[in-house]
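The following note sets out points for a colleague to check against the coordinates. It deals with strand pairing, one loop residue, the cysteines and the charged pairs.

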Amino acid sequence: MKKLISLLVLVLSIVLLSWAFGKKDLFSKSNWPEYLGGPDRNHYSALQQINASNVSQLKVAWEYHTLDSGQIQCNPIIVNGVLYGMTASTQPFAIDAATGQEKWRKQKEADDRLSSSRGLVYWEDGVDKRILYTKGEWLCALNALTGEKILSFGDSGRTSLKSGLGPTAKDKMVISNTPGTVFDDLIVMPLRISEGNDASLGHIQAFNIKTGKLAWVFHTIPQPGEYGYETWPKDVYKNKLVGAANNWSGMSVDRKRGILFIPTGSAAFDFYGGDRKGANLFANCLLALDAKTGKRLWHYQLVHHDILDRDPPAPPNLITVNHKGKKVDAVAQVTKQGFVFVFDRVTGKPLFPIEERPVPASDVPGEKSWPTQPFPTKPAPYARQSFTEADINPYAENRDSLTAALRKSRHGSPFMPLSKQGTIIFPGLDGGAEWGGAAADPEGILYVNSNEMPWLIALGKTASEAQMAALSSGNRLYAANCMNCHGSERKGNPASGYPSLIGIGSKRTRDYITNIITYGKGMMPGFANLNEQKKKALVAFLLGEEKAEIGLGKVQGPAKSATKTAGKASPAYSYKISGYSKFLDKNGLPGVNPPWGTLNAIDLNTGEYKWKIPYGEYPELAAKGIPQTGAESYGGPVVTASGLLFIAGTKDKKFRVYDKNNGKLIWETVLPAAGFATPSTYEVNGKQYIVIACGGTKLGAAAGDSYVAFALP
């Protein structure tokens, strides 16, 4: 009996050791096992083979072509010599991380979504190894070794991201661009939702990775009796005209403490809050939740009653700093307005004072903007906060017309509300930090690339019911769903990223147009609320062939004001975007003086900057002898223990390496297409690689279809 017990103890010990070493291997420095490197989202690697003395010797080790060109925002993960990534049309694949040879790739299906994907999730429990990714409203599970569906997960391999959002989400757009965050057997999912008054609720949902079943839900728009309910008008949670407050940018998790850190987005409609008066918890918050149960531990609202779409753009960084002589585990959140908020990870107490400062009031009827907003006293903003006539681009050939346009708009102060005449939003809708997020090293230094691109946005009244009724069916649908971005004359604004739709029938097939309307493309949302008949009418309008028989009857337009109709109050949603463009000069360059993009190293131990440099360039300006201007960048940096900072993300197709200590450029190369993504670094068979997705497409860059890995010879 004793021998049997001894044998069982030995077997159990071997099993436990195997499990322990397996877990250790997954998070060894050789791997890049999670989105942005790990659960702390620090973009950090302990690898040191590639260093300042040899980085100039880097060569292309392999290039994998997805044969599916377009914007690729994916930060690939690498586990035990296998790289997992996503194509431009969101198809997952696995390749040999040392050679680029394909192991498996999910077969393309007719309804593959055209929305961009920033990555996927690897999870294992013994021999059970899974890949989780999203496709439309579905969270899907595959066998990581074969790419085959795991049929025991959810409904034959997938579960709906609408599961915990309630019945109002049924016909609304709900997708996910960003990988979920894992805690034990749970995955907590980010959601991308419409930003209009048709938005779904944006609740935080956790799913069981083994079964696909919903595990818990946190209501970001509180229900009666829940904390924060009084910060909204009564019954807003019923989701009639107000929605969102979603996490779209991703999360980080302290697995030791079981704390999930979630930045939430703005309430929808993004730019008018007349129908959601109040501070609007838990929109625009950094939330700390119990990862196991979804219970709120603490929160801090970064923007009150947001009407400028200033939602946190990236997951927070989990770092350890020396604060007032003590080691403090902290969480740092970068923002679109150029702030870094730093909190004690456990208590939520700010490490640097945050001041509530007065901001300009809205002059839009029905709006009640919040009188103050929080400003961290440290670190100083990494993006400029105001735009005046003195800041107009000195290289602009049409400076006078830019000055005239600026004078007509509201401008000059942080948090300047939107207006009928137009308001300059600065540092911009894509200003400050972006979805690539910040890198952080163990010394407590944060590295963040930042954009400074002014936008000119105006609010106008929505069309009256009589005006909408006078339009054809397809024209009504266009006015309600497309006109904000593409304009009343369908000319779009290509310089701002909104293509012209004039003559689209000569460029694209009917099926292609219908597919984009249904599923979206890039950052354009799909319109799940449109049935087949409505889509046919809209396509017919776009192609100039609308016929009476496609008509849908009278479409209920938005109400002009809050009035009583048949004894019931009609909604007061009365404003929408009437102008929506980057503030550019006649040559398509930013209307503000440089720098238009920066790279920043911020010491979060002290709140002071180590260095700040312009990041990116316009080759045509450099050829004229104009000093480096910086440029918009998308995708974040990676920092390594050898003191290097790797970053791409600019339209000029450059991949650059900097000395993390002083911001000095050490090496650069030209990629096959612009890499609007965050790179990953890993080691296979003793060799360190750095890989970047090169999809181009964004900002008018040429399209690409590859992942490129570099290594030393």
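**Notes on the predicted model**

1. An open sheet of four strands is present, with the order 2-45-44-43 and antiparallel pairing. Strand 2 (59–65) and strand 43 (680–684) form its edges, each pairing on one side only. On average, neighbouring strands in this sheet are turned by 30° against each other, direction ignored. These points, like those below, concern a predicted model.

2. Within that sheet order, strands 45 and 44 stand next to each other. Strand 44 (residues 687–696) pairs with strand 45 (residues 703–711) in the antiparallel sense, over seven bridges. A useful position for checking the register is valine 691, whose bridge partner is alanine 709 in strand 45.

3. A further antiparallel pair consists of strand 41 (residues 654–659) and strand 42 (residues 665–670), joined by five bridges. Phenylalanine 655 stands opposite threonine 669 of strand 42. Five residues lie between the strands of this hairpin, and glycine 663 takes a positive phi near 80° there.

4. The hairpin region should also be examined for its charged side chains. A network of salt bridges links Glu617, Asp652, Lys654, Arg656 and Glu668.

5. Threonine 87 merits attention as a loop residue: it lies between strand 4 (82–86) and strand 5 (92–96). Is threonine 87 buried or exposed? Because its relative accessible area is 2%, threonine 87 counts as buried. Its side chain makes a polar contact of 2.9 Å with the side chain of aspartate 68. When neighbours within four places in sequence are left aside, the residues in contact with threonine 87 are Thr66, Asp68, Phe93 and Arg105.

6. How many disulfides does the model contain? The count comes to zero. Two cysteines may be inspected individually. Cysteine 140 has a relative accessible area of 9% and is therefore buried. Cysteine 285 is also classed as buried, because its relative accessibility is 0%.

7. The count of salt bridges comes to 25. One of them joins the side chains of glutamate 34 and arginine 41, with an N to O distance of 3.5 Å. Glutamate 34 has a relative accessible area of 10%, so this residue is buried. Arginine 41, at 2% relative accessibility, is likewise counted as buried.

8. Lysine 210 and aspartate 125 form another side-chain salt bridge, at 3.1 Å from N to O. Lysine 210 belongs to the loop between strand 16 (204–208) and strand 17 (214–218), whereas aspartate 125 belongs to strand 8 (residues 121–125); the pair therefore ties together parts that are 85 residues apart in sequence. Lysine 210 is partly exposed, with a relative accessible area of 32%. Aspartate 125 is also counted as partly exposed, at 30% relative accessibility.

9. The side chains of aspartate 254 and arginine 345 meet in a salt bridge as well, with 3.1 Å from N to O. Aspartate 254 is in strand 19 (residues 252–254) and arginine 345 is in the loop between strand 26 (340–344) and strand 27 (354–358), so this pair ties together parts that are 91 residues apart in sequence. Both aspartate 254 and arginine 345 are buried.

Key:
Residues numbered from 1 in each chain as written. Predicted model: local features only at pLDDT ≥ 70, side-chain atom pairs only at ≥ 80, totals over all residues. Heavy atoms only, no water. Pairing = 2+ DSSP bridges. Helix = DSSP H or I, 4+ residues; strand = E, 2+ residues; numbered from the N terminus. Axes fitted to C-alpha atoms, helices over the stretch in contact; angles between N-to-C directions. Buried < 20%, exposed > 50% of the residue type's maximum accessible area, 1.4 Å probe, protein only. Polar contact = N/O pair within 3.5 Å; in protein donor to acceptor, adjacent residues only side chain to side chain. Contact = heavy atoms within 4.5 Å. Disulfide = S-S within 2.5 Å. Salt bridge = Lys/Arg side-chain N within 4 Å of Asp/Glu carboxyl O.
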